[in-house]
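Me: Got a minute to go through a structure with me? I'll send it over now.

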Amino acid sequence: MLDTLRRIIQEVNRAPDLARALSIIVTRVKQAMVVDVCSVYLTDTERQQHVLMATDGYNPDAVGKVRFNFGEGLVGVVARREEMLNLDDASSHKAYVYTGEIGEDPFHGFLGVPIVQHRKVLGVLVVRQRERRRFAEPEETFLFTLAAQLAGAISHAGASGDITHLLQQTDESRYALKGNSGTPGAAVGHARVVYPMANLEAIPDRPAEDTETEIAEFRAAVGAVERDMRMMSARMVDSLPAEDIALFDALIMMLRSENLVEGTIERIRAGNWAPGALRETIVEHVDAFEAMEDPYLRERASDVRDLGRRILEHLQSTSPVQRSFEPDTILVGEEISASQLAEVPVQYLIGVVSARGSSASHVAILARALGIPAVMGVEDLPVNRLEGQNIVVDGYQARLFVRPSRAIREEFQRLQEEEAALSQDLLDLIELPSETPDGVHIPLYANTGLLSDISPSLRCGAEGVGLYRTEVPFMIRDRFPGEEEQFRIYRQVLEAFAPSPVTVRTLDIGGDKALPYFPVEEENPFLGWRGIRIALDHPEIFLTQVRAILRANAGLDNLQLMLPMISSVNEIDEAAGLVRRAHEELVEEGEQTTYPKIGVMIEVPSAVYQVPAMSKRVDFFSIGSNDLTQYLLAVDRNNAQVSDLYNALHPAVLRAIHQVVVEAHAHQRPVSVCGEMAGDPAAALLLLGMGVDSLSMSSASLLRVKWVLRSFNTEKMQSLLEETWLLEDATAVRALLHNSLDEAGLGGLIRAGR
Ligand code: PEP
Ligand code: MG
């Protein structure tokens, strides 16, 4: 049964469109289960109906016509209860509705299962039998398992626009692709798919510009792989037994096989570019091998995949990755990296959509820093089919529309304009002080990482930099930058803001911030070798960086140095020891450096409870709410699966932050917040109520937070905080804060509830 199931799913996934996918489902299921009818109903939310969309066994003319209202008929019952219904005689059930149109008279046995994706019923899968019989348990589980897997395929199809054609007049928003989180804003543009080199699965379809050139390049790549294989085989001939060497011959035969070569060329002739055509051929071969009964042959699927990747590598080295971008680009990918984002000219990039990650991922933080809407964690993103497609990004509700209707496009264009108007209004605040109506001044700083962030931060009136993420320049290079190179980068930032303060954080790599040239492979990267831990284990890297930072500060004296991921005081002592050493060395070398203020990030729960001890060692604290939230709630900030649980407004997180503020102040140490919550207008209300001394955020959020700051006096923010302590979960906290913003006339800041 398992094999049959797998084969059906593979066939469905390969179907070119939803209509064909549904027709494959009904035919194959009817055959496999030896039943008399199989039908699929899809849910049309706009009309609140379940529509018969494919059938094998009922009257085919009824397709698209027979509709059950929500809750009506057995189909309605299955959908409403989200439960399987197994009946030996359908017509004797009290909810049974006779339509006459579908030709249901001869059938008695009924088995219906809901097709559910992300808690929403997309449709119902039904099989019928002439006989009066209840279906056996293996039949139930088969249909159930199939429905669970089909849900993904159907929602894919819906996302790529097919469903709109199928269910005319369908409610588009119902089939929008959902991400787990977004960065606010709307974008209407076209998709540009980015993919890692040699990742065959992620290669998009793209029209071939010149068929003959594509074919020639493909043939050359195959030839090159064959040469590589022969060389490998020759190298191994002394160290491997003859039968293992024969494997290379088998691979070469596979490589030369007509199916692989001619199959790909045929696809290029049909219009796809060589990498896309190769992907299609390889996927087909892999599926065919995986469906084989013989376990040995099944294993060959991985050889085919490997060959595919090798050919792709050669193809990519002959046809350099296209790097030209057009206006209104929406970057789309399985997992977009910081460097891929940084590659697009800022004036062309209007949106980001990533299948993995969440709003706390660094790529989302960068997007926010650039004021670009992003949708993260779109699990069902059909990346391969999106190149060049029109796309609407709804960052407020973390949604994505592919090939949107005119109505949707216009609605989002209007939102874009409103957003631009709000930003325009906010510009009036640039020159005004960040002061509450009762006269309390709270500096608002910018978070930066890219040099290109500097001017937006200055333009929005940031009073300095509260977090300069030094890992960003490290991430977009292909090797560790040397002391001179680092010096030049840091100098630019410090100079741009002088005499305002710039808090430079030492290298915080590990976790989700990998350097391509310094791989860290771990089971639990967020609990592993990260931030200060790497720095202390590699004093040569740390010392080089600190020297560069201290030198960059010469004559400016606006530097504050900050250490990431501190979990105990020993780390501070050791790191401070190294900073002292770097400083002494520089003084000996005749450099004009001063010893900077040193602070630590509070982002690991243990640090929350060590503030008094840490106060003896450092000059300031900055709360990294992104990591603090993930560690306190045990929720990976990048895991789409659990992103609903990630919430910085969780009462436990708020209590922890409050405790840090109270204890730091008791020891006369200032506290800033530099995690993403500082830039969330609602959260900022609470942080200000707690008495934080400054907030640091992406420049795109700064004027919004300034508006909040200038609209609420301290007493009001403190009383809101008091009210919050009575609330038991993050949803209630958010509701309270949104309500307050709305009442104060700042509703424009919280579009999510649109
Ligand atoms: C944080 O953890 O809140 C933070 C500011 O650091 P990063 O997001 O760079 O890990
Ligand atoms: Mg952090």
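**Strands and a domain contact**

Reply: Happy to! In this predicted model, strand 7 and strand 14 (residues 399–402) pair in the antiparallel sense over two bridges. Strands here are DSSP runs (E, at least two residues), numbered from the N terminus, and two of them pair if DSSP finds at least two bridges between them.

Me: Cool, what's the bridge partner of Lys178 in strand 14?

Reply: Arg399 is the partner of Lys178 there.

Me: And what order do the strands of the open sheet come in?

Reply: The eight strands run 7-14-13-9-10-11-12-8, with mixed pairing. Strand 7 (177–178) and strand 8 (181–183) are the edges, each pairing on one side only.

Me: Before I compute anything, what are the ground rules?

Reply: Residues count from 1 along each chain as its sequence is written, chains are lettered from A and ligands numbered from 1 in the order written. Local features need pLDDT of at least 70, side-chain atom pairs count only at pLDDT 80 or more, totals for chains, interfaces and linings use all residues, and side-chain values use heavy atoms, leaving out hydrogens and water.

Me: New topic: how much area do domain 2 and domain 4 bury between them?

Reply: About 1,600 Å², 60% of it on carbon and sulfur atoms; that is accessible area (1.4 Å probe) lost on putting the two parts together, summed over both. Domain bounds come from an automatic or database assignment.

Me: How many salt bridges across that interface?

Reply: Zero, counting a side-chain nitrogen of Lys or Arg within 4 Å of a carboxyl oxygen of Asp or Glu.

Terms used. Helix = DSSP H or I, 4+ residues; strand = E, 2+ residues; numbered from the N terminus.
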